[in-house]
Every structure is written in structure tokens, then in C-alpha cells.
Amino acid sequence: MDVQVVNCMTCEEFVRVFGNVVERCPLIAAALWSRRPFSSTLELENGFNEFIDSLSIEGKEGILRCHPDLAGRELLAGTLTVESRGEQGHAGLTSLSSADALRMNQLNSQYKEQFGFPFVICARMSDKDRILQQLESRVRNQQLQELQCGIEEVKSICRLRLQDIYNRAAKSTKL
Ligand SMILES: NC(=O)N[C@H]1NC(=O)NC1=O
């Protein structure tokens, strides 16, 4: 996607295209629109990262709380966002054995009780075994260390979602 195309978008278009780069946080895209013009698509990605980094602890916790559990209720109910559904499918979470699903649910609950926000990991850079292993080890982190860990994962999710948007745009202009 040419950055000029991004710079010419109305706020409404921009939020439609980039509104779920941070899961269920279209406000972040709406805020970033004011920072146009961007000199490159990388600058837009940096904008997302800087915005997230500039938030208070409560703001960062809020971002994590907008993420659905991995292999949780929303996956079963079919109410995940398209992006999250794809990511969880990529990590094999849509076809877990009932023993693995039970284990993941138990660990997710334990984690949430411990920190007050859900466990977040970039599912596309992981798989079922690594996710279970990370849940088991990260639950032992300190509160602030774990907040930062979750936020770094959010940034990885963002980067891959932005790449998808650019790739889709590049494909559609080739047609
Ligand atoms: N809880 C959690 O990590 N959720 C997410 N991770 C990811 O890659 N997509 C999500 O929705």
C-alpha cells in the first residue's frame, strides 16, 4: 500500500482499514489519523507502537483487556474478530484436544486472577505447545514485567496485521 493512499484517507476510511490493528481499539487508529502525513508505512507502524508505549499503566491494561482469551468462550461462540479467529486458527487453537482446551482454560483463568488482565501472545508466531509453556512460565512474572511482556506481544500482533493490510492492498491493485 502506497503511503500516499494512507495519507489521503478520511478519518472514517482510516478507522475502517486500521481500526482493528490493535484488537478492538479503533480509538487508537482514530488518534493516529491526526498524525498524517506519514512519510512511510513504517512510520505508521512506529506510530502505533509509540502510542501504545505512551499510555499509562491503566491504558496498557485496558488494551490487554480488549483481547479475547486464546481458545476461550469467544472462539466457541464464534464471536471473535476476523483477525483473531485467523490468528488462533494459525496457532492450531481451533482444533485442540479436549485435554489441551481444558488446560488452556485453567491456565488462562489462573493468569487472569493473578494479574487482572488476560494472557496475550502473538499466536501467529507461536503454536499450541509454546502457548501452554508460556502461560505456565509467564504466570510467575512480576505484575509490571508481565504487563510489558503482554504489550510487546500486542505490538507483534499489530505488525503482522499491518503487513496483512499492505499485502491485501498490493494484491488488489495487481488484479
Ligand atoms: N489473548 C490473546 O493473545 N489474543 C490474541 N493473540 C493473537 O495473536 N490474536 C489474539 O486475539
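**Figure 1. Glu23 is a buried residue in the predicted model, with a relative accessibility of 1%.** Its salt-bridge partner is Arg24, and the closest N and O atoms of the two residues are 3.9 Å apart. That separation falls inside the cut-off, because a salt bridge requires a side-chain nitrogen of Lys or Arg within 4 Å of a carboxyl oxygen of Asp or Glu. Arg24, in contrast to a buried residue, is partly exposed, its relative accessible area being 31%. The model shown in this and the following views is a prediction.

**Figure 2. A salt bridge joins Asp164 to Arg124, with an N to O distance of 2.8 Å.** Asp164 belongs to helix α10, which runs over residues 143-174, while Arg124 sits in the loop between α8 (98-115) and α9 (128-138); the pair therefore ties together parts that lie 40 residues apart in sequence. Asp164 is partly exposed at 27% relative accessibility. Arg124 is likewise partly exposed, at 23%.

**Figure 3. Salt bridges with shared partners connect Glu23, Arg24, Glu74, Glu87 and Arg161 in one network.** The link between Glu23 and Arg24 is a salt bridge with its closest N and O atoms 3.9 Å apart. In general, side chains of opposite charge can pair when their charged atoms come close. The count of salt bridges in the model comes to 14.

**Figure 4. Lys128 and Asp129 form a salt bridge.** The closest N and O atoms of Lys128 and Asp129 are 3.2 Å apart. Lys128 is partly exposed, with 24% relative accessibility.

**Figure 5. The surroundings of Cys8 and Cys158 are shown in a structure with zero disulfides.** A disulfide is a covalent bond between the sulfur atoms of two cysteines. For Cys8, the closest cysteine sulfur is that of Cys11, and the 15 Å between the two sulfur atoms is too far for a bond. Cys8 is exposed, at 66% relative accessibility. Cys158 also takes part in no disulfide, its nearest cysteine sulfur being that of Cys25, 8.9 Å away. Cys158 is buried, with a relative accessible area of 1%.

**Figure 6. The annotated domain spans residues 8-163.** The name "Oxo-4-hydroxy-4-carboxy-5-ureidoimidazoline decarboxylase" for this domain comes from the UniProt annotation of an unreviewed entry. Helix accounts for 65% of the chain over residues 8-163 and strand for 0%. The end C-alpha atoms of this stretch are 19 Å apart.

**Figure 7. The whole chain contains 10 helices and zero strands.** Its pattern along the sequence reads α-α-α-α-α-α-α-α-α-α. The radius of gyration is 17 Å, which agrees with the value near 16 Å for a compact globule of 175 residues. The C-alpha trace spans about 50 × 40 × 25 Å along its principal axes.

**Figure 8. Buried residues make up 45% of the 175 residues of the chain.** Among contacts in the chain with a separation of 6 or more, 68% are between residues 24 or more positions apart. The accessible surface comes to about 9300 Å², and carbon and sulfur atoms contribute 52% of that area.

Methods:
Residues numbered from 1 in each chain as written. Predicted model: local features only at pLDDT ≥ 70, side-chain atom pairs only at ≥ 80, totals over all residues. Heavy atoms only, no water. UniProt positions renumbered as here; feature names shortened; annotations may be inferred. Helix = DSSP H or I, 4+ residues; strand = E, 2+ residues; numbered from the N terminus. Buried < 20%, exposed > 50% of the residue type's maximum accessible area, 1.4 Å probe, protein only. Disulfide = S-S within 2.5 Å. Rg over C-alpha atoms; globule rule 2.2 N^0.38 Å. Contact = heavy atoms within 4.5 Å. Areas by Shrake-Rupley, 256 points an atom, 1.4 Å probe, with all protein chains shown as cover.
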